[in-house]
Amino acid sequence: MTTIERKTIPVMDGLWQLETDGKPHLLGSRCEACGEVFFPRKTLNFCMNCHKESLEEITFSGKGRVLMLTKVERQPAGGFYKGAVPYTYGIVQLDEGVNIFSQLIDEPALSNDERVEMVVVKLYEEEDNDVMTFKFKAEIIREGDKG
């Protein structure tokens, strides 16, 4: 009997990477001229705000707060979404100030303004691959993190 080893692949290349702390961090771009921040990172070195070619790649902390959330009860039209339904979707404002749309892990139930942190989880299976995506869940405050 042959065992097929499953691979984990990102839903889209270049959204996150593992950093030296062992945690995944979202990747973005920041304009060195005007300070504008973008997510996801821009592949072209062109700032849409000031029109200069001065973008640098940055990593985000992976932490932020929920600005709004909603429960999605039906499969979105168009066939692009292959994950489970229902799911919670919302806007997270990262600590670096940029707002992003993301799925949320709503266990325990999240609310607006709650602190969240990024995790990488399986979205769906495709042939021999587990397709991974990022989501946000309630932030766990560790003893050493309290200020």
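Select Arg30 and Glu56 first: the two form a salt bridge, with the closest N and O atoms 3.3 Å apart. The pair links distant parts of the chain. Arg30 sits in strand 3, residues 24-31. Glu56 sits in strand 5, residues 55-59. The separation in sequence is 26 residues. Colour by accessibility and both ends come out partly exposed: Arg30 has a relative accessible area of 34%, and Glu56 has 29%.

Keep in mind that this is a predicted model. The structure holds 12 salt bridges, and the tour visits some of them.

**Next: Lys63 and Glu139**

Show these two side chains as sticks. They meet in a salt bridge, 3.3 Å from N to O. Lys63 belongs to strand 6, residues 63-72, while Glu139 lies in the segment after strand 10 (129-138), so the pair ties together parts that are 76 residues apart in sequence. Are these partners buried or exposed? Lys63 is buried, and Glu139 is buried too. Keep Lys63 selected, since this residue returns at a pocket below.

**Then: Lys82 and Glu126**

Move to Lys82, which forms a salt bridge with Glu126; here the closest N and O atoms are 3.8 Å apart. This pair also links distant parts of the chain, 44 residues apart. Lys82 is in the loop between strand 6 and strand 7 (87-94). Glu126 is in strand 9, residues 115-126. Both count as partly exposed: Lys82 at 45% relative accessibility, Glu126 at 30%.

Now select Arg6, Lys122, Glu125 and Asp130 together. Salt bridges that share partners join these four into one network.

**Switch to the pockets**

Turn on a surface and find the largest pocket. About 470 Å³ of space lies in it. The pocket is lined by 19 residues. To centre the view, pick Tyr89, Phe101, Ser102, Gln103 and Thr133, the lining residues closest to the centre of the pocket. Which elements give two or more residues to this lining? They are strand 7, strand 8 (99-104), strand 9 and strand 10. Strand 8 gives the most, with 3 residues. Colour the lining by class: 15 residues are nonpolar, 3 are polar and 1 is charged.

Go on to the second largest pocket, with a volume of about 150 Å³. Its lining has 12 residues. Select Lys23, Pro24, Lys63, Glu117 and Met118, which lie nearest the centre of this pocket. Lys63 is the buried residue from the earlier stop. Strand 3 and strand 9 are the elements that give two or more residues to this lining. Strand 9 gives the most, with 3 residues. How does the lining of the second largest pocket divide by class? There are 3 nonpolar, 3 polar and 6 charged residues.

**Last stop: a patch on the surface**

Select Leu44, Phe46 and Met48. These residues form a nonpolar patch on the surface, and together they have about 340 Å² of accessible area. Zoom in on Phe46, found in the loop between strand 4 (37-38) and strand 5. Why can Phe46 be part of such a patch? Patch residues need over 30% relative accessible area, and Phe46, partly exposed, has 37%.

Methods:
Residues are numbered from 1 along each chain as its sequence is written. This is a predicted model: local features need pLDDT of at least 70, side-chain atom pairs count only at pLDDT 80 or more; totals for chains, interfaces and linings use all residues. Side-chain values use heavy atoms; hydrogens and water are left out. A salt bridge is a side-chain nitrogen of Lys or Arg within 4 Å of a carboxyl oxygen of Asp or Glu. Helices (H or I, at least four residues) and strands (E, at least two) are DSSP runs, numbered from the N terminus. Buried means under 20% relative accessible area, exposed over 50%, partly exposed in between (1.4 Å probe, protein chains only). On a 1 Å grid over the protein atoms alone, a cavity is a set of points where a 1.4 Å probe fits but cannot get out, and a pocket is an open set with protein on both sides within 12 Å along at least five of seven lines; lining residues have an atom within 4 Å of a point. Grid points are joined across faces, edges and corners, and a volume is the space filled by probe spheres set on the points. Ala, Val, Leu, Ile, Met, Phe, Trp, Tyr, Cys and Pro count as nonpolar, Asp, Glu, Lys and Arg as charged, and the others, Gly among them, as polar. Patches are made of residues with over 30% relative accessible area and no salt bridge: like charges are joined within 9 Å, nonpolar side chains (Val, Leu, Ile, Met, Phe, Trp, Tyr) within 5 Å. Accessible areas come from the Shrake-Rupley method with a 1.4 Å probe; for residues, only the protein chains shown count as cover.
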